[in-house]
Amino acid sequence: MITNRWTAVDRRGFLAAATAAGVLLAVTACGTGGGGAGGAGGATGAGGGDANAALTVWFPGNSAPEIELVTKRLVPEFEAANKAKVQVTFVDWAQMSPKLNAGFAGNSAPDVFGHGPAAAAGFAAAGRIEPLDDRIAALPAEDRTDLAPYLAGGRVDGTQYLIPLGGNGVLVAYRKDLLSEAGVTEPATWAEAAEAARKLTVREGGTIQRAGLMLQSAKIQRVQSFQGLIGSEGGTLLSQDGRKVTWNSPEGVKALEYFAGLYSGDARVSDQLGRDFANQPAGQNPLATGKAAMVSATAGQVLQMVKAVPGLASKIGVLPPLKAADAKTFGGATTGLFVNADSARKDLAWKFTAFMVSEGVNERYAEAVGGLPVRASAAQGAYVTGQPLLKPFIDAAPAYQGSPNVPAWVQVRDVLDKHLEEALAGKATAKKALDDAAAEAGPLLAAQ
């Protein structure tokens, strides 16, 4: 089963707030959706309770393959190796907020719990999660190097709080057959991609019949696409401390002009502006149908396409991160594990967390959920070598840039999204859209 967990995680986002008295954390849904929860144990653990009691772990979501692997195989393996008892509960994303609220308020939150990277800043601000820098520093050097590309997605103000269980990223996938027919070589830069797209675009009158290059432009997806473009220009969305907007820089303007140019003017090379083609049935993706020669896609989306359309696997290629001033793209950590700061079993909680990203274990987990393993060495493993189209996404890990880990990010992101939509629709220049977004988002960042 291949699921696109990463896209869902980032799209739903996270909003945390602490009450002045009880420091009660409010968490919105942040990940894969669905109805109902399942899992093993089902008991709510007491983070500050008896140190000899079972370790309690909450995983978000309701993926049947994930539940089967974790509860029937991984947890028993960990228990046997550590002479410990682990109680696992799978909680539907929509229910994670009230369950965590109740758990933190009643000192019964789990020792370990899963969430998306966007949750990290809010949990850290409320003092709910354990810093993990010392734990990571104690890992063997080869483990730290192997995990390094995705660890950055779990840091807040330079401190590690989240250990990612998986990763994903957005790259440009292309139809080998269409490029060959048009005599187009694989582009290595965004400028070359635009030139290739012009040759690949097919028009009938004023209507595009086949798009040359289609970047994801639906709600929130356009923020991710813009982040990849501005990163490749050497720019950033926010300052390093996360308190100031930097997206209206010359690099940002250049990135947005490129993005908007794909969809506007007589030389446009793309259609379906604002449509969520990425989450249509896989067989209807424009790349799968031949309605686009190049599209931005995640690893999960690419695998879904080749699974849905027989014979497509040999026709699809995936480009390395395209370069402008730099080669960056949107991506990074997906769901990960936090250790409860009030847990009485922190050593065991860390052992379980480290076990979930250990060599071999994490590869099995990634295969079950349809994501990318967080270890670079997994590129030589059976899961990745059995799915050749995964390798470009694994190799691109050092180029991935995730959403800023700041408490106000979801609100700030929505502001930016609104103004990007104006620019892409030709209702505002790139400069005006980014300046207006900066003016609106600035106070949100200042107040966090």
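In this predicted model, the side chains of arginine 222 and glutamate 421 meet in a salt bridge, with an N to O distance of 3.5 Å. The pair links distant parts of the chain, since arginine 222 belongs to helix H9 and glutamate 421 to helix H17 (residues 409-424), with their positions 199 residues apart in numbering. A search of the whole structure finds 20 salt bridges, and the largest pocket holds about 950 Å³ of space.

**The link between H9 and H17**

- Arginine 222 has a relative accessible area of 5% and counts as buried, because the cut-off for that class is under 20%.
- Its partner, glutamate 421, is partly exposed, with a relative accessible area of 40%.
- The contact between these two side chains also belongs to a network of salt bridges, in which Lys219, Arg222, Asp417 and Glu421 are linked.

**Other salt bridges**

- Arginine 198 and glutamate 195 meet through their side chains in a salt bridge of 2.8 Å, taken from N to O.
- Both arginine 198 and glutamate 195 lie in helix H8 (residues 190-200), where they are 3 residues apart, or about one turn of the helix.
- Arginine 198 is partly exposed at 44% relative accessible area, and glutamate 195 is likewise classed as partly exposed, at 36%.
- Arginine 413 and aspartate 414 form a further salt bridge between their side chains, with an N to O distance of 3.1 Å.
- In this pair, arginine 413 is buried, with a relative accessible area of 4%, whereas aspartate 414 counts as partly exposed at 31% relative accessibility.

**The largest pocket**

- The lining of the largest pocket comprises 38 residues, and those that lie nearest its centre are Ala152, Gly402, Ser403, Pro404 and Asn405.
- Two or more lining residues come from each of helix H1 (5-12), helix H6 (141-151), strand S4 (155-156), helix H9 (221-232), strand S12 (329-333) and strand S14 (400-401).
- Strand S12 gives the most to this lining, contributing 4 residues.
- Sorted by class, the residues that line the largest pocket are 18 nonpolar, 16 polar and 4 charged.
- Helix H9 therefore appears in two of the topics above, because it is among the elements that give two or more residues to the pocket lining and, by the assignment of helices as DSSP runs, it also holds arginine 222 of the salt bridge to glutamate 421.

Definitions and conventions
Residues are numbered from 1 along each chain as its sequence is written. This is a predicted model: local features need pLDDT of at least 70, side-chain atom pairs count only at pLDDT 80 or more; totals for chains, interfaces and linings use all residues. Side-chain values use heavy atoms; hydrogens and water are left out. On a 1 Å grid over the protein atoms alone, a cavity is a set of points where a 1.4 Å probe fits but cannot get out, and a pocket is an open set with protein on both sides within 12 Å along at least five of seven lines; lining residues have an atom within 4 Å of a point. Grid points are joined across faces, edges and corners, and a volume is the space filled by probe spheres set on the points. Ala, Val, Leu, Ile, Met, Phe, Trp, Tyr, Cys and Pro count as nonpolar, Asp, Glu, Lys and Arg as charged, and the others, Gly among them, as polar. A salt bridge is a side-chain nitrogen of Lys or Arg within 4 Å of a carboxyl oxygen of Asp or Glu. Buried means under 20% relative accessible area, exposed over 50%, partly exposed in between (1.4 Å probe, protein chains only).
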